[in-house]
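Biologist: I am new to this one. Could you walk me through how to read it?

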Amino acid sequence: MAGICTFLLALFFFLYFVSNPQQEARADYQAGGIEENTTYTPSFEFVPTVNAENSTVASLTGLPIQFSETADYVKLNFTMFVVEFYKGTAGYNKIYDKTGNVLVYDDRIVLEYLFKAPDKWKQRGTPTGINYTKINDYHYEVTRFYTDYLGTTYNVTYIVKSDSPMKIKISLESGQTDTYRIAWYLSGITKLNYVEEENRVTFGNDQDNEWITFDWADVYQSFGNITQTSYEDAANGKKANIYFNIGIVNAGQTITVDPSIVGTSITKFATSYPFQRKTFYANGRFWVFYSNGTNMVYRTSTDGVTWSDATAIRACSNGLYFSIWFDGTYLHYAYASTSSIYYRRGTPNADGTITWSAAEQTVTTLYNTANLPMVSVDSNGYPWIGYREYGSDYYQRPYVVKSSRNDGVWQTQSGFPYLLSDIADGVVVSVIPLTNGKVLALYSYGGHYLKARLWTGSSWGSEIQTSSKLVAGYYHSAVAQSDDVHAVFLKSDTYDIIYVKYSYATNSFGTETTLQANVTPTTAPVISIDPNTNDLYVFWAGYPTANHIYYRKYIASTGIWEPTVDWITEVALTGNDCLTNFYRAYGGYVGLVYMNSTVSPYQIKFAYLTVLVGDITPPKYSLNSTNSTLAGTAVSHNLYWQDDTGLSYAIFSFDNCTGTLQNITGMSLSGTSAWSNFTVVINSTVGCQIRWCVYANDTSGNWNGTSCENPFSYQTTPPPDTIPPTYSLNSTNSTLAGTPVSHNLYWQDNVGLSGYIFSFDNCTGTLVNDTWVPMTGTGNWSNVTKIINSTVGCQIRWCVYANDTSGNWNGTSCETPFIYITTSVVVPNFCIDLGIRDYIFCIIGGNKYVLPIVYKWYVWKE
């Protein structure tokens with residue numbers, strides 16, 4: 001069966017002229033305008049969703065875009081150049097400089113697939129037309145649509161903003177998986193001479209001393225050498241054929257390059273510091289948090305390019321006052337500015353909003369002078385906050401505090417806040433979650449070692465430390481792999497970027513590795529981990545070249561650090577210690593946030609790498625059911641789970657009419673489909689609300705907690721009536737053969753009577769049921785009159801089946817039916833004189849007699 005594959009391509013290009021061929025032809029632009037020199041530069045990303053390219057999302061300060069339309073094309077005249085987008089099946093654009101000179105007569109980007117190996121390629125789809133959307137005066141989008149009329153469609157969207165390069169995204173829905181390449185055809189380039197250098201080609205004319213350069217260095221940095229080029233003569237000049245070999249495109253593959261501007265801030269500490277976290281990816285969106293100089297704000301993007309407006313969370317004048325943590329379901333923040341700590345938990349939604357679990361919580365510390373908070377969440381969902389605090393002696397010491405609740409309401413656990421060390425200096429603390437509720441607390445300050453203490457889940461271990469000292473306590477970053485921890489920091493004196501691993505098995509730090517030597521005194525590294533592979537990504541800025549951002553990748557399967565990659569080139573980084581990044585890869589992305597510009601407003605910028613995406617699809621559930629709702633009884637709560645790779649574990653979260661969900665138990669799952677069945681005794685109160693949900697993960701560590709966003713619920717109901725009616729006072733009013741006899745029972749029920757069936761054996765030896773007769777109330781008679789058999793001395797049997805309104809029947813009287821024997825009419829003995837001489841008429845024992853009268857005479861003698 002053909003699969004559906006969706007991906008996205010982003011072409012990022014500038015158009016520059018170089019009047020001096022010795023001048024370096026490279027992108028160098030400022031928001032609100034461009035330099036005289038122009039470069040035309042592509043970059044790419046491939047994403048399994050419809051949106052994922054990069055662009056600028058800051059305040060638009062360039063001139064408004066001039067729009068015009070004819071029968072043949074849509075024309076956009078913006079800060080950089082002029083583009084005509086041709087309609088219908090034409091499928092190409094024409095590019096001009098700002099003075100109206102044609103630069104490229106035919107610019108088109110198409111998707112091609114490998115028709116026949118090794119080198120037969122065909123274009124997929126034909127253009128059917130264009131559509132344009134005006135977002136505002138500074139932002140237009142033009143989309144060209146393609147189809148092959150066989151189930152495959154794709155479109156090319158050109159995103160034009162007045163103060164940023166034009167972006168192009170391609171989204172494909174294919175009925176099959178194919179080997180693809182992007183073909184960038186530029187025909188009719190009016191500059192005739194060209195020179196190809198590493199990852200770029202430059203066209204120019206000797207007579208006018210003007211040059212145009214097409215640069216794909218960023219593609220090389222992200223993807224390696226995937227580019228092929230060829231050049232030829234064409235009408236109106238030259239033609240460049242530039243191919244980017246994507247390879248096999250499968251659902252789930254993601255690749256990206258090039259930073260985008262998220263927003264601006266008036267504080268140069270908007271994203272400080274590296275040991276804190278301020279960005280993640282969840283529910284189809286990138287999330288970036290920073291201080292705009294007044295408030296803690298966040299912006300989101302579905303593609304890493306187009307960013308939402310800023311949403312303010314709370315007052316916050318400096319980024320170092322807060323940190324963010326995403327636990328896979330909830331985001332958490334902690335804020336402190338020589339004050340109490342303020343904590344809040346919320347759910348990041350697919351529409352870019354946050355549903356908060358509760359109001360902002362106040363976390364009271366010993367002196368309420370906390371600062372530099374770092375929040376994290378342990379494996380059981382309980383939040384921790386590391387911080388430093390001024391004591392009564394005005395020295396700052398390292399503390400951690402933990403909540404005993406994991407529902408968004410903070411309640412400080414007994415034994416906390418906890419003083420990690422009596423070091424009386426500007427110590428910075430980070431808390432790294434391990435497994436089974438354990439954490440590793442890291443802490444340090446300038447010119448001292450990175451120290452650590454293990455929380456076992458019930459007690460603190462002894463203090464350990466690294467071999468090298470740090471430039472500053474906040475110049476460290478760490479991630480966990482199971483119960484081990486990977487840390488990076490900036491070494492004092494030599495200014496080396498150091499990597500070191502903490503081993504849980506030995507409770508010690510291992511051998512230190514220098515990732516980059518002799519960097520600047522402020523080059524603070526940050527680290528991320530890909531949990532699917534345990535590969536590590538370490539980023540830093542400012543060395544070997546100023547205003548460049550670098551990274552190194554550690555391949556866990558081989559134990560090798562790859563060479564340094566010169567990833568991002570900027571004009572003026574705000575600081576080399578302004579980096580913050582994803583704690584771990586989410587959805588195949590490793591994101592980085594940094595700042596650019598040395599004067600206010602400072603730019604908050606975002607870029608991301610894509611990682612080899614393994615299984616990133618969480619389990620799915622269906623068939624939710626319970627087997628009862630009866631108050632005070634044991635109820636089974638059931639979900640059917642399925643996963644592409646393999647199920648691992650399920651956690652049952654339950655609200656037993658308390659208003660609070662609590663994770664109360666778990667169970668192992670296996671295979672690609674299984675049931676999570678959790679039986680608990682529910683509240684005995686009738687009419688209260690039960691809520692329940694299940695978190696489940698697969699063997700790749702992907703969790704599905706969506707059922708807990710809108711938990712299943714039901715009302716408790718009273719226990720059913722299981723008691724049948726009872727009878728008494730059975731009676732009959734006669735036993736005389738051949739006469740009507742009333743057969744009577746008195747019935748009672750605790751809920752309500754419904755009816756009865758009279759069963760009768762009229763001396764036949766067989767009980768025969770009458771039709772059902774209704775009966776009401778909780779006490780009533782079943783009175784049935786039958787003319788009984790006229791035979792004297794035969795046996796009558798009778799009984800009654802009765803039911804109540806709950807459907808409970810009582811037929812016990814029919815197990816041993818009531819019995820009586822028919823009798824005759826009893827006539828008294830008497831005699832009457834009928835006037836017959838010497839005879840009298842008598843009835844004796846029911847028989848008739850005529851009896852003679854015997855006279856006896858008696859004589860008395862006196």
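Biologist: Let us start with cysteine 763. Is cysteine 763 buried or partly exposed?

Modeller: First, a caution: this is a predicted model. To judge burial, look at the relative accessible area. Buried means under 20%, exposed means over 50%, and partly exposed lies in between. Cysteine 763 has a relative accessible area of 23%, so it is partly exposed.

Biologist: Which cysteine forms a disulfide with cysteine 763?

Modeller: The general idea comes first. A disulfide is a covalent bond between the sulfur atoms of two cysteines. Here, cysteine 763 is bonded to cysteine 794, with the sulfur atoms 2.1 Å apart. The link is right-handed, with 70° about the S-S bond. It connects distant parts of the chain, 31 residues apart. Cysteine 763 sits in the loop between strand 63 (753–762) and strand 64 (768–769). Cysteine 794 sits in the loop between strand 66 (779–787) and strand 67 (795–804).

Biologist: And is cysteine 794 buried or exposed?

Modeller: Cysteine 794 is buried, because its relative accessible area is 15%.

Biologist: How many disulfides does the structure hold?

Modeller: The structure holds four. One of them joins cysteine 657 and cysteine 688, again with a sulfur distance of 2.1 Å. That link is right-handed, with 70° about the S-S bond.

Biologist: Where do cysteine 657 and cysteine 688 lie?

Modeller: In two loops. Cysteine 657 is between strand 55 (647–656) and strand 56 (662–668), and cysteine 688 is between strand 57 (673–681) and strand 58 (689–698). The two cysteines are 31 residues apart in sequence, so their bond ties together separate parts of the chain. Cysteine 657 is partly exposed at 23% relative accessible area. Cysteine 688 is buried at 14%.

Biologist: What does cysteine 799 join to?

Modeller: Cysteine 799 forms a disulfide with cysteine 814, S to S 2.0 Å. This link is right-handed too, with 95° about the S-S bond. Cysteine 799 lies in strand 67, while cysteine 814 lies in the loop between strand 68 (809–810) and strand 69 (818–821). They are 15 residues apart in sequence, so the bond ties those parts together. Cysteine 799 is buried, with a relative accessible area of 0%. Cysteine 814 also counts as buried, at 13%.

Biologist: Let us move to sheets. In what order do strands 53, 54 and 57 stand?

Modeller: To read a sheet, list the strands by neighbour, then check their direction. Here three strands form an open sheet in the order 53-54-57, with antiparallel pairing. Strand 53 (620–626) and strand 57 are at the edges. Each has a single partner strand, so one side of each is left without a neighbour in the sheet. On average, neighbouring strands are turned by 20° against each other, direction ignored.

Biologist: How many bridges join strand 54 to strand 57?

Modeller: Nine bridges join strand 54 (residues 634–642) to strand 57. For instance, glutamine 642 has serine 673 of strand 57 as its bridge partner. Strand 53 and strand 54 pair over five bridges. Tyrosine 621 stands opposite tryptophan 641 in strand 54.

Biologist: Which residues of strand 57 are on the covered face?

Modeller: The general idea is simple. In a regular strand the side chains alternate between the two faces of the sheet. In strand 57, the covered face holds Ala674, Ser676, Phe678 and Val680. The uncovered face holds Ser673, Trp675, Asn677, Thr679 and Val681.

Biologist: What separates the C-alpha atoms of threonine 626 and phenylalanine 678?

Modeller: Sequence distance and spatial distance are separate readings. These two residues are 52 residues apart along the chain, and their C-alpha atoms are separated by 9.6 Å. Threonine 626 belongs to strand 53. At 29% relative accessibility, threonine 626 counts as partly exposed.

Biologist: One last feature. Which residues form the nonpolar patch on the surface?

Modeller: Look for nonpolar side chains that show at the surface together. Here the patch is Phe830, Ile832, Leu834, Ile836, Tyr839 and Val850. Together they have about 530 Å² of accessible area. Take isoleucine 836, in the loop between strand 70 (830–832) and strand 71 (839–844). Isoleucine 836 is partly exposed, at a relative accessible area of 44%.

Key
Residues are numbered from 1 along each chain as its sequence is written. This is a predicted model: local features need pLDDT of at least 70, side-chain atom pairs count only at pLDDT 80 or more; totals for chains, interfaces and linings use all residues. Side-chain values use heavy atoms; hydrogens and water are left out. A disulfide is a pair of cysteine sulfur atoms within 2.5 Å. Helices (H or I, at least four residues) and strands (E, at least two) are DSSP runs, numbered from the N terminus. Buried means under 20% relative accessible area, exposed over 50%, partly exposed in between (1.4 Å probe, protein chains only). Two strands pair if DSSP finds at least two bridges between them. Axes are lines fitted to C-alpha atoms, for helices over the stretch in contact, and angles run from 0 to 180 degrees between N-to-C directions. Patches are made of residues with over 30% relative accessible area and no salt bridge: like charges are joined within 9 Å, nonpolar side chains (Val, Leu, Ile, Met, Phe, Trp, Tyr) within 5 Å. Accessible areas come from the Shrake-Rupley method with a 1.4 Å probe; for residues, only the protein chains shown count as cover. A salt bridge is a side-chain nitrogen of Lys or Arg within 4 Å of a carboxyl oxygen of Asp or Glu.
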